[in-house]
Amino acid sequence: MDNNIAQMLENQNVTNPKKLSIIAFSGDFDKLTATFTIATGAAAVGYEVNLFFTFWGLDAIKRKTGRAPLGGGFIAKIFGIMMGGLSNTPTSRFNFCGFGPWIFRKLMRKNNVATLEELVEAAKALGVNMYACEMAMHVLGLKKSDFINEVKEELGVASFLKISEGGRTIFI
Amino acid sequence: MDNNIAQMLENQNVTNPKKLSIIAFSGDFDKLTATFTIATGAAAVGYEVNLFFTFWGLDAIKRKTGRAPLGGGFIAKIFGIMMGGLSNTPTSRFNFCGFGPWIFRKLMRKNNVATLEELVEAAKALGVNMYACEMAMHVLGLKKSDFINEVKEELGVASFLKISEGGRTIFI
Amino acid sequence: MDNNIAQMLENQNVTNPKKLSIIAFSGDFDKLTATFTIATGAAAVGYEVNLFFTFWGLDAIKRKTGRAPLGGGFIAKIFGIMMGGLSNTPTSRFNFCGFGPWIFRKLMRKNNVATLEELVEAAKALGVNMYACEMAMHVLGLKKSDFINEVKEELGVASFLKISEGGRTIFI
C-alpha cells in the first residue's frame with residue numbers, strides 16, 4: 001500500500017456516528033424523560049447507546065424499595081431518603097412540591113406519549129447499556145445491589161471515555 | 001483499488017467537524033442566551049447549525065402573542081400561560097421574580113453585547129436551522145402555527161439524530 | 001495515488017477521539033465537581049482537555065479574594081458579590097442555604113474522593129487548558145487579572161469552536 005495513503009489513514013481516527021453516550025447527571029423528572037426519550041429513540045434506529053448515571057441521575061436506576069434508607073453513614077442516609085427513586089423525581093421547573101411530575105404524567109398519558117417509567121422499560125428492551133458512576137456511588141454510599149439488574153457495572157471516568165470513544169457524548 | 005484500503009475506508013465514517021447541533025431543552029434566559037450565542041458564533045464562521053427545541057426550550061420560538069393561552073386542554077393552558085415566550089423567560093440563578101433577566105438585558109446593552117432578542121434575529125439571518133420536538137409539542141399542546149416562521153418542521157428524535165449525524169451535538 | 005482514494009480521503013475530516021472540550025456554564029458546586037472530575041479523568045488517560053468557562057462557570061476560576069466586589073458598574077458588583085468564587089458555590093439541589101456543599105465536602109473527604117478544590121489543582125497539574133468566555137466577562141465586568149494564572153486567554157465562540165474542533169464537546 002502507498003505510504004502516503006497509509007500515513008493519511010493513520011492520522012484519521014475511527015469514528016462511529018451511530019454511537020451515542022449520555023452522562024445522566026440530573027435527577028429531575030423532565031431531564032430524565034429527555035435522557036430516556038433520546039436514548040430509546042437512538043436505540044430504535046440502530047444506535048449503540050451508553051448511559052452513564054452519576055450524582056442525582058443515579059436516582060433513575062435505583063431498585064424500587066420505596067424511600068428506604070441506603071447504605072453508608074448518616075448523611076448518606078439523608079440523601080438516600082431525599083433521592084427517593086424514579087417515582088419521586090421532581091421537575092426542574094414548576095415542580096409545585098411534587099405536583100409537577102404528576103401533571104406531566106397526566107399530560108403524557110392523555111396525549112399517548114410514553115411516560116418515564118415506560119421509557120425506562122423500553123430502554124431495557126432495546127438493549128441500551130446502563131452504567132453507574134463509581135465515584136458518585138462512593139460519595140452517596142450506594143452499592144451495585146442498590147440498582148436495577150440492567151446496570152452492567154460501575155465505571156470510572158476513564159472507562160466511560162473508552163466506551164463512548166468515537167461517538168457523540170452529551171451531558172444532561 | 002487495494003482491498004485493504006477499501007476495507008479501512010469503509011470502517012471509517014464520514015464526519016463533519018463544521019456541523020453543530022444543539023438540543024435546546026432549557027427555557028432559562030441565561031441558557032437560551034448561551035444557546036443562541038454559540039449558534040450564531042458557529043454559523044458566522046461557516047458551521048451548519050441545527051437547533052432542536054424541546055420542553056421549556058420551545059418557549060424561545062413561540063410567536064409573540066403575549067401570555068395568551070395555547071391550544072390543548074386545561075392543564076396545557078396553564079403551562080402555556082406560565083411559559084410566556086422569549087420576553088418572559090427567567091434566569092437559572094438570581095432570577096429575583098423576573099428581575100434577573102432585566103438586569104442581564106441592562107448589562108448586555110451597557111456593554112454592547114447582543115441581547116437575547118437580537119441573537120435570535122441574528123440566528124434567523126445567518127440561516128441557523130430551527131426544529132421543534134414533536135413529542136414535547138404533543139405533551140404541551142402546541143401546534144406548528146404557535147411558532148415563528150423560521151421553525152422548519154416538527155421532528156422526532158430519530159429524524160434529529162439523522163440531521164445532526166457526523167457533527168457535534170450538545171444539550172443545553 | 002488513485003484519484004478515487006484521494007477524493008474519499010478529502011471527504012473525510014480529521015477527527016481526534018482523544019480530544020474533549022467542556023463548556024463550563026454552571027456555577028453549581030455539584031456540576032463544577034462533574035466538570036473537573038471528567039476533565040482530570042480524561043487528561044489522566046492522555047486526552048487533550050479544553051475547558052471554556054462562561055457565565056456562572058467563571059466563578060470556578062476566580063482568584064481567591066474572598067467576596068470582594070469586582071470591576072465594572074454597580075450591577076456587575078452585585079453579581080460579583082453573589083458569585084463568591086469556588087468556595088462559595090451552591091449545589092444545584094439540596095443546597096440548604098450553603099449547607100449542601102459542606103455535606104458534599106464531608107462525604108467526599110470521608111470516602112477518599114477528591115474534593116472540588118483538589119480536582120482544580122489536579123486539572124492544573126495535568127495540563128488541562130482553561131479559557132474564559134470573552135462575552136460573559138464583558139457582561140459581568142470581569143478582567144483577565146480577576147482569574148487564576150492557569151487561565152490561558154479570553155476566547156470568543158469562534159475561537160473556542162476552532163480549538164475544540166474534531167473532538168467531543170459537552171455543555172455542563
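Tutor: Helices in this text are DSSP runs of H or I with at least four residues, strands are runs of E with at least two, and both are numbered from the N terminus. By that rule B:Phe55 lies in the loop between β2 (48-53) and α3 (74-82) of chain B. The model is predicted, so local features need pLDDT of at least 70 and side-chain atom pairs count only at pLDDT 80 or more, whereas totals for chains, interfaces and linings use all residues. Residues are numbered from 1 along each chain as its sequence is written, while chains are lettered from A and ligands numbered from 1 in the order in which they are written.

Student: Why does B:Phe55 count as buried?

Tutor: A residue is buried if 20 or more other C-beta atoms, placed from the backbone, lie within 10 Å of its own, exposed if 12 or fewer do, and partly exposed in between. B:Phe55 has 26 such atoms within 10 Å and is therefore buried. Its phi is near 45 degrees, a positive value in a residue other than glycine.

Student: What makes A:Phe55 buried or exposed?

Tutor: A:Phe55 has 26 C-beta neighbours inside 10 Å, and therefore counts as buried. A:Phe55 is found in the loop between β2 (48-53) and α3 (74-82) of chain A, and its phi, near 45 degrees, is positive although the residue is not glycine.

Student: What makes up chain A in terms of helices and strands?

Tutor: Chain A has 7 helices and 5 strands, which follow one another along the sequence as α-β-α-β-α-α-α-β-α-β-α-β. Of its 172 residues, 49% count as buried. Contacts, meaning pairs whose C-beta atoms, placed from the backbone, lie within 7 Å, are in chain A made up to 73% by residues 24 or more positions apart, when only separations of 6 or more are considered.

Student: How do you know that β1 and β2 of chain A pair?

Tutor: Two strands pair if DSSP finds at least two bridges between them, and β1 (residues 19-24) of chain A is joined to β2(A) by 6 bridges, the two running parallel. A:Ser21, for instance, stands opposite A:Asn50 in β2(A). The open sheet of 5 strands in chain A has the order β4-β3-β2-β1-β5, with parallel pairing.

Student: What makes β4 and β5 of chain A edge strands?

Tutor: β4 (151-155) and β5 (168-171) of chain A each pair on one side only. From one strand to the next the twist averages 20 degrees. Angles run from 0 to 180 degrees between N-to-C directions, and axes are lines fitted to C-alpha atoms, for helices over the stretch in contact. Helix α7 (residues 157-164) of chain A packs on this sheet, touching β1, β2, β3 (129-133), β4 and β5 of chain A, and its direction makes about 165 degrees with that of β2(A).

Student: Why is one side of β4 and of β5 in chain C left without a neighbour in the sheet?

Tutor: The open sheet of chain C has 5 strands in the order β4-β3-β2-β1-β5, paired in parallel. Its β4 (151-155) and β5 stand at the edges with a single partner strand each, so one side of each has no neighbour in the sheet. The partner joined to β5(C) is β1 (residues 19-24) of chain C, through 4 bridges with the strands running parallel, and in β5(C) C:Thr169 is the bridge partner of C:Ser21.

Student: What makes both faces of β5(C) covered?

Tutor: In a regular strand the side chains alternate between the two faces of the sheet. In β5 (residues 168-171) of chain C, C:Arg168 and C:Ile170 on one side and C:Thr169 and C:Phe171 on the other are all buried.

Student: Why are α2(A) and α7(B) called roughly perpendicular?

Tutor: Angles under 35 degrees count as roughly parallel, over 145 as roughly antiparallel, 65 to 115 as roughly perpendicular and the rest as oblique. Helix α2 (residues 29-44) of chain A and helix α7 (residues 157-164) of chain B pack at about 75 degrees, with their axes 8 Å apart, and are therefore roughly perpendicular to each other. The contact is made by A:Thr37, A:Ile38, A:Gly41, A:Ala42 and A:Ala44 of α2(A) with B:Val157, B:Ala158 and B:Leu161 of α7(B). Ala, Val, Leu, Ile, Met, Phe, Trp, Tyr, Cys and Pro count as nonpolar, Asp, Glu, Lys and Arg as charged, and the others, Gly among them, as polar, which gives this contact 6 nonpolar, 2 polar and no charged residues.

Methods
Contact = placed C-beta atoms within 7 Å.
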